[in-house]
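Colleague: I'm new to reading protein models, and I'd like to learn how to go through one. Could you take me through this one, feature by feature?

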Amino acid sequence: MFKQCNFSMFWTAEAFLTAYLITEDDYYIEFGKRVLDELLMTQSIWQPDYIYVKAFGGFGVMNADGEWNDARASLFTETILKYGLILDKKEYIERAFSALCSSFSMMYCPENSENMKEWNNVYPFFNEKDYGFTMENYGHDGKTSPEGIGIGEFTIDDWGNGAASENYNRLLDHYGEDFIHRHLYR
């Protein structure tokens, strides 16, 4: 298998989805599904014992990289969800919401008490003013430990906490609170 970044797969799946929505030609949704399935091979659907944060539902950045729970998971959420709704595939809908949840799982906040332990090991000066801080991904250098190795320091609003919040709001705007809660809290 050649190394491949999952952004190219995401953009291609989005392009096929858009072509399908414009033309209603099944050709586009079928090829888009094939590309989406390749993309989903980079989604964590298990919790490895060598990853010390919640990894389930998150994405790496490619099929041969050390990074876990990258911020792009939130960007992928709505596209995966749309495929799930159009194709009536429960698995895609579940994967979409797992990706959304993983986008929030790395935030420094009391709701993520297990992850906060690692954050506090690395950044003992963090306090309630830092709630909501999220880094780009976990294990950026290919190393992790229960003491916090793997916790990074890089974030920008549109690549981490901002992207997670924006994509939650997109789902809220497009599908409504009842739909989201029905799938998030089942």
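Modeller: Sure, we'll go from the overall fold down to single residues. Keep in mind that this is a predicted model.

Colleague: Okay, which helices and strands does the protein chain have?

Modeller: Start by listing the elements. Here the protein chain has seven helices and zero strands. Read from the N terminus, the order is α-α-α-α-α-α-α.

Colleague: And how compact is the protein chain?

Modeller: For that, look at the radius of gyration. It is 17 Å for this chain, close to the 16 Å that the globule rule gives for 186 residues, so the chain is as compact as a globular protein of that length. Along the principal axes, the C-alpha atoms fill a box of roughly 55 × 40 × 25 Å. Buried residues account for 47% of the 186 residues.

Colleague: What share of the contacts join residues at least 24 apart in sequence?

Modeller: Take the contacts between residues at least 6 apart in sequence: 58% of them join residues at least 24 apart.

Colleague: Next, helix packing. How do you describe two helices that pack together?

Modeller: Two packed helices are described by the angle between their axes and by the distance between those axes. Try helix 4, residues 90-105, with helix 7, residues 177-184: their axes come within 10 Å and cross at roughly 90 degrees. Angles from 65 to 115 degrees count as roughly perpendicular, and helix 4 and helix 7 are therefore roughly perpendicular to each other.

Colleague: Which residues make the contact?

Modeller: Helix 4 brings Ile93, Phe97 and Cys101, while helix 7 brings Phe179, Ile180, His183 and Leu184. Sorted by class, the contact has six nonpolar residues, one polar residue and no charged residues.

Colleague: What tends to happen to nonpolar side chains in soluble globular proteins?

Modeller: They tend to be buried together. In this model, the largest nonpolar core has 28 residues, and the ones with the most contacts inside it are Leu36, Phe59, Ile80 and Phe97. The elements giving two or more residues to this core are helix 1 (6-23), helix 2 (26-40), helix 3 (72-87), helix 4 and helix 7. You can zoom in on Leu36: leaving aside neighbours within four places in sequence, Leu36 is in contact with Ala13, Ile80, Tyr83 and Tyr92. There is also a second, separate core of 14 residues, which includes Val53, Met106, Met116 and Trp119.

Colleague: What about backbone angles? Which phi does Glu24 have?

Modeller: Here you check the sign of phi and the residue type. Glu24 has a phi near 60 degrees, a positive value in a residue other than glycine. Glu24 is in the loop between helix 1 and helix 2. Asn69 isn't a glycine either, yet has a positive phi of about 50 degrees. You'll find Asn69 in the loop between helix 2 and helix 3.

Colleague: Is Glu24 buried or exposed?

Modeller: Exposed means over 50% relative accessible area, and buried means under 20%. Glu24 has 64% relative accessibility, so Glu24 counts as exposed. Asn69 has 5%, so Asn69 counts as buried.

Colleague: Why does Glu78 count as buried?

Modeller: Use the accessibility again: Glu78 is at 6%, so Glu78 counts as buried. This residue sits in helix 3. Outside its neighbours within four places in sequence, Glu78 is in contact with Arg170, Leu171, His174 and Tyr175.

Colleague: Let's try a loop residue. Where is Gly139?

Modeller: Gly139 is in the loop between helix 5 (113-122) and helix 6 (161-175). Its relative accessible area is 1%, so Gly139 is buried. Leaving aside neighbours within four places in sequence, Gly139 is in contact with Gly66, Glu67, Thr144 and Gly150.

Colleague: Last one: what does Ala19 touch?

Modeller: Ala19 lies in helix 1. Not counting residues up to four places away in sequence, Ala19 touches Glu24 and Tyr28. For a distance, take Ala19 and Phe179: they are 160 residues apart along the chain, and their C-alpha atoms are separated by 26 Å.

Definitions and conventions. Residues numbered from 1 in each chain as written. Predicted model: local features only at pLDDT ≥ 70, side-chain atom pairs only at ≥ 80, totals over all residues. Heavy atoms only, no water. Axes fitted to C-alpha atoms, helices over the stretch in contact; angles between N-to-C directions. Helix = DSSP H or I, 4+ residues; strand = E, 2+ residues; numbered from the N terminus. Parallel < 35°, antiparallel > 145°, perpendicular 65-115°, else oblique. Contact = heavy atoms within 4.5 Å. Nonpolar A, V, L, I, M, F, W, Y, C, P; charged D, E, K, R; others polar. Core = buried A, V, L, I, M, F, W, Y, C linked by side-chain atoms within 4.5 Å. Buried < 20%, exposed > 50% of the residue type's maximum accessible area, 1.4 Å probe, protein only. Rg over C-alpha atoms; globule rule 2.2 N^0.38 Å.
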